[in-house]
Structures are given as C-alpha cells and as structure tokens.
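This report goes through the fold and the side-chain contacts of one protein chain. The sequence and the structure are shown first.

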Amino acid sequence: MSGLTPQYDPDLDAKVKKATERISENMHIVANEPSLAFYRLQEHVRKALPPMVEKRVDVARLHQRLQGHCYDVEYAISAVKSMESADRTFLDVQDLLRNAIFLRQQLKYEESRRQKKEPTMSVYKRLSAHITLDLPDLPELSDALRETASKVESIMRHTEQSAPHS
C-alpha cells in the first residue's frame, strides 16, 4: 500500500472548492460585519439627530414660554389677592358716599324750610348746571353737587348781606 497514489476525484474537488468559497465568504462577512453595523448606526444617527435636536430646541423654547406664562399667572393671582384686600377700602368709600347723600338730603330739607327765592341765577348755580357726573349706582350725587354749589352761593349772599350791617 505504499504505492497508493491519490486519485483525482473531480466531484470531491468541486465540493472542496465550494466549501472553501463558503468559508471564505463567511469569514469575509464576519470580518466586515462590525463595519457594516457601524455604517448603519452612523446612517441612523445622521438621519435621526437633526430632527431630535430641532425637537429639543422647540421643547426648550416652549419651556421658556410656559415659564413666562406661569410668571404672568402668578402676578395675576397676586393682583387679585391685593384687590381682595382692597374690599374694605371700597366699603368705606361706599359708607362715606351714603353719609354724603344723607347730609345732602338734610341740607335740602333745611333749605326747603327756609324757602328763600333768589332773583338772579348765581355763578355757582350756572356752574353746577353744567356739571354732569354719571354714576349709575348713585344718581343723587350729581344733584348733590349742584345743591352744594347752590348752598355755597346762598351762604355767600347771606355773608354779603350781613357784612354791610356790621
């Protein structure tokens, strides 16, 4: 058996060549697969990063606007709370206006009792006739201003009439 020479088998030769080509191809794929993976990652990052950065900028801008609106709301709340504390002042003003109307009514009553007719229209009456003050809740106030001007004029006349006698 020492004289055995290998025989050439074309079928075996084709199978060996095919197997070595597949091994070589697999080695090439395995060797180049990491670079292909990195290429795919790089491609994904290039496509996905700009929209993500744009969204991040939009979120930052919206956050800033939202923070500004929050400050506005906080300021409005503090303004409303300070208005609530002014409620007492408005009640005091309302009481003072009621007192003024009551005093005007008393003066009107006293004047009607005296029944002095004035022959000429005074400067104060002419001025008070032009005064218009529209207060929907207190219509008597503009009349009160006119009557007060009338009273001031009658007091001035009374003083003028008393002065020559002194």
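The sections below move from the chain as a whole to its helices, salt bridges and surface.

## Overall fold

The model described here is predicted. Its secondary structure comes to four helices and zero strands, and, when read along the sequence, the chain follows the pattern α-α-α-α.

Of the 166 residues of the chain, 8% count as buried. The accessible surface comes to about 15100 Å², with 62% of that area belonging to carbon and sulfur atoms. Where contacts link residues at least 6 apart in sequence, 69% of them join residues at least 24 apart.

## Helix α1: span and bend

Helix α1 covers residues 10–85. With 76 residues at 1.5 Å a residue, α1 should span 112 Å, and the distance of 108 Å between its end C-alpha atoms agrees with that expectation.

The helix also has a bend, which is placed at Glu-33 and comes to about 40°. A proline, Pro-34, follows within four residues of that position.

## Salt bridges within α1

The count of salt bridges comes to six, and two of them are described in this section, both formed by residues of α1. One of these joins Arg-40 to Glu-43, whose closest N and O atoms are 3.4 Å apart. Both residues lie in helix α1, three residues apart, a separation of about one turn of the helix. Arg-40 has a relative accessible area of 49% and is therefore partly exposed, since exposed residues must be over 50%. Glu-43, at 28%, is likewise partly exposed.

Further along the sequence, the side chains of Asp-58 and Arg-61 meet in a salt bridge with an N to O distance of 3.1 Å. Here too the partners are three residues apart in helix α1, about one turn of the helix. Asp-58 is partly exposed at a relative accessible area of 25%, and Arg-61 counts as partly exposed at 46%.

## A salt bridge in α2

Helix α2, which covers residues 87–114, contains both Arg-88 and Asp-92, placed four residues apart, about one turn of the helix. Their side chains meet in a salt bridge, with 3.1 Å from N to O.

How do the two partners stand in accessibility, and which class does Arg-88 fall into? At 51% relative accessibility, Arg-88 counts as exposed, because that class begins over 50%. Asp-92, with a relative accessible area of 34%, is partly exposed.

## A nonpolar patch on the surface

Which residues make the nonpolar surface patch of about 420 Å²? The patch is made by Val-45, Leu-49, Met-52, Val-53 and Val-57. One of these residues, Val-53, has its place in helix α1. Val-53 counts as partly exposed because its relative accessibility is 43%, a value that lies between the limits of 20% for buried and 50% for exposed residues.

## Summary

In this predicted model, the chain consists of four helices without strands in its secondary structure, and 8% of its residues count as buried. Helix α1 bends by about 40° at Glu-33, holds the salt bridges of Arg-40 with Glu-43 and of Asp-58 with Arg-61, and includes Val-53, which takes part in the nonpolar patch.

Methods:
Residues are numbered from 1 along each chain as its sequence is written. This is a predicted model: local features need pLDDT of at least 70, side-chain atom pairs count only at pLDDT 80 or more; totals for chains, interfaces and linings use all residues. Side-chain values use heavy atoms; hydrogens and water are left out. Patches are made of residues with over 30% relative accessible area and no salt bridge: like charges are joined within 9 Å, nonpolar side chains (Val, Leu, Ile, Met, Phe, Trp, Tyr) within 5 Å. Accessible areas come from the Shrake-Rupley method with a 1.4 Å probe; for residues, only the protein chains shown count as cover. A salt bridge is a side-chain nitrogen of Lys or Arg within 4 Å of a carboxyl oxygen of Asp or Glu. Helices (H or I, at least four residues) and strands (E, at least two) are DSSP runs, numbered from the N terminus. Buried means under 20% relative accessible area, exposed over 50%, partly exposed in between (1.4 Å probe, protein chains only). Contact means heavy atoms within 4.5 Å. The expected span of a helix is 1.5 Å times one less than its number of residues. The bend at a residue is the angle between axes fitted to the seven residues ending there and the seven starting there.
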